[in-house]
Amino acid sequence: MKQYDYLIVGAGLYGAVFAQEAKKAGKKCLVIDKRSHIAGNIYTEPVEGINVHRYGAHIFHTNNKAVWQYVNQFAEFNRYTNSPVANYHGEIYNLPFNMNTFNKMWGVVTPAEAKAKIEEQKKEAGITDPQNLEEQAISLVGTDIYEKLIKGYTGKQWGRPCTELPAFIIKRLPVRFTYDDNYFNALYQGIPNGGYTAMVEKMLDGTEVRLNVDYLADRENLNALAEKVVYTGPVDAYFGYKLGALQYRSVRFETEVLDTDNYQGNAVVNYTDAETPYTRIIEHKHFEFGTQPKTVISREYSAEWKKGDEPYYPVNDEKNGALYAEYKKLADVEPDVIFGGRLGEYKYYDMDKVIEVALDVAAKELA
Ligand code: FAD
């Protein structure tokens with residue numbers, strides 16, 4: 001008999017959900033993380049009394065009632081609704097593209113007028129067989145929206161002009177013919193009062209957690225402690241990159257405290273021109289309707305990923321998909337190890353999906 005039933009590598013959302021379920025089932029777990037804090041990428045830390053989302057803005061949204069009820073056991077959620085705005089050389093437009101956007105862009109008032117305007121621009125462009133992202137976007141929403149709200153932003157995101165990006169990146173563009181600025185089409189949405197770290201802390205309540213412990217640096221000793229391992233770190237790192245490294249897209253955050261109580265009047269402002277080097281500015285206090293005298297902002301820069309950088313978004317192209325499939329074959333036959341989460345499965349997961357999957361895996365495992 002080993003000391004623990006499960007060694008959970010990673011104190012992020014996946015690891016915390018699994019730990020919580022295992023504890024409920026009477027199992028003994030040890031959670032480790034190589035970082036100096038719990039909560040993984042949803043970690044929030046107080047700065048000037050404001051919960052700062054260190055690894056990027058996180059807005060909880062879901063259509064899954066069971067997941068919503070699950071998270072509400074560990075936190076009370078506020079009524080935050082994501083309504084980002086776009087700043088194009090000082091012109092402000094509401095997102096996602098909706099009647100407010102079209103009214104500002106063209107002065108149109110009714111959905112019929114907005115549809116007619118888009119149709120007219122699509123027709124004028126006359127693109128029947130889009131060959132790149134620019135042509136695809138114009139064929140979907142016309143020239144004005146493309147020029148002011150898509151071209152610069154998408155170019156910065158991918159580090160290449162839209163004419164050099166493949167058309168398939170945008171199959172559809174959500175266009176809404178109502179005056180509705182709510183970004184997510186989700187039944188439930190909000191931010192946990194007090195931040196995400198407090199929520200994860202509650203999930204891990206009663207489970208032993210050791211921080212600053214890198215599983216891969218001490219694998220044998222750590223394995224000796226537990227019957228099974230739940231691994232939520234990068235799958236390629238687990239196997240010593242023996243088939244090659246999976247690629248990611250990275251983001252660089254520049255965070256600053258400002259001596260003003262309200263810098264931009266909204267949590268999320270996208271800079272959609274090509275000249276501004278960052279893609280967005282996040283003003284963290286607005287996620288929780290903060291009234292502190294100061295404010296904290298993070299400028300987001302889209303960045304090429306190099307080995308050793310923080311991995312953020314998996315690159316869902318053919319090459320990386322095929323490489324992951326090979327690692328998955330190895331993972332599937334690795335005895336007594338469950339691979340999970342965004343890094344363990346090389347998959348972009350929203351928080352609600354990570355919870356859904358972790359609950360599902362835990363239910364099967366612990367049955
Ligand atoms: P992680 O949170 O990454 O946890 C994995 C943990 O494993 C990390 O703490 C890591 O330190 C640890 N670890 C790795 N290797 C080792 C090792 N060798 N030894 C010990 N520990 C190790 N989702 C939403 O629903 N809404 C949003 O608004 C949203 N915004 C996002 C913005 C950005 C920029 C990104 C990148 C993602 C966003 N997400 C959002 C998705 C969300 O971040 C993920 O769903 C969630 O973080 C996944 O949790 P996880 O436990 O799988 O991974």
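1. Helix α1 passes helix α12 in a right-handed crossing. A crossing is called right-handed if the near helix is turned clockwise from the far one by less than a right angle, and left-handed if anticlockwise. Helices (H or I, at least four residues) and strands (E, at least two) are DSSP runs, numbered from the N terminus. The two helices, α1 at residues 13-24 and α12 at residues 351-366, pack at an angle of about 35° with their axes 9 Å apart. Axes here are lines fitted to C-alpha atoms, for helices over the stretch in contact, and angles run from 0 to 180 degrees between N-to-C directions.

2. On the α1 side, the contact is made by Leu13, Tyr14, Val17, Phe18, Glu21 and Ala22. On the α12 side, Met351, Val354, Ile355, Ala358, Leu359, Ala362 and Leu366 take part. Two residues are in contact if their C-beta atoms, placed from the backbone, lie within 7 Å. By class, the contact of α1 with α12 has 12 nonpolar, no polar and 1 charged residues. The classes are nonpolar (Ala, Val, Leu, Ile, Met, Phe, Trp, Tyr, Cys and Pro), charged (Asp, Glu, Lys and Arg) and polar (the others, Gly among them).

3. A word on the model. It is a predicted model, in which local features need pLDDT of at least 70 and side-chain atom pairs count only at pLDDT 80 or more, while totals for chains, interfaces and linings use all residues. Residues are numbered from 1 along each chain as its sequence is written. The chain averages a pLDDT (the predictor's confidence in each residue, from 0 to 100) of 96, and 100% of the residues score at least 70. The model scores are ipTM 0.99 and pTM 0.95.

4. One open sheet has 7 strands in the order β7-β6-β12-β13-β14-β11-β15, with mixed pairing. Strands pair if DSSP finds at least two bridges between them. At the edges stand β7 and β15 (313-314), each with a single partner strand, so one side of each is left without a neighbour in the sheet. Helix α6 (residues 143-158) packs on this sheet and touches β6, β7, β12 (268-271) and β14. The direction of α6 makes about 90° with that of β6.

5. Within the 7-strand sheet, β6 (residues 85-88) and β7 (residues 91-94) run antiparallel and are joined by 4 bridges. They form a hairpin with 2 residues between them, and His89 in the turn has a positive phi of about 45°. Tyr88 stands opposite Glu91 in β7. Strands β11 (residues 248-258) and β14 (residues 295-304) pair in the antiparallel sense over 10 bridges, and Glu256 stands opposite Ile297 in β14.

6. Another open sheet has 5 strands in the order β9-β2-β1-β10-β16, with parallel pairing. Its edges are β9 (208-210) and β16 (337-339), each with a single partner strand, so one side of each is left without a neighbour in the sheet. The twist averages 20° from one strand to the next. Strand β10 (residues 226-231) pairs with β16 in the parallel sense over 3 bridges, and Ile338 in β16 is the bridge partner of Val230.

7. Two loops deserve a look. The peptide bond from Leu95 to Pro96 is cis, with omega near -10°, and Pro96 lies in the loop between β7 and α3 (99-106). Glu48 has a positive phi of about 55° although it is not a glycine; Glu48 is found in the loop between β3 (44-47) and β4 (50-53).
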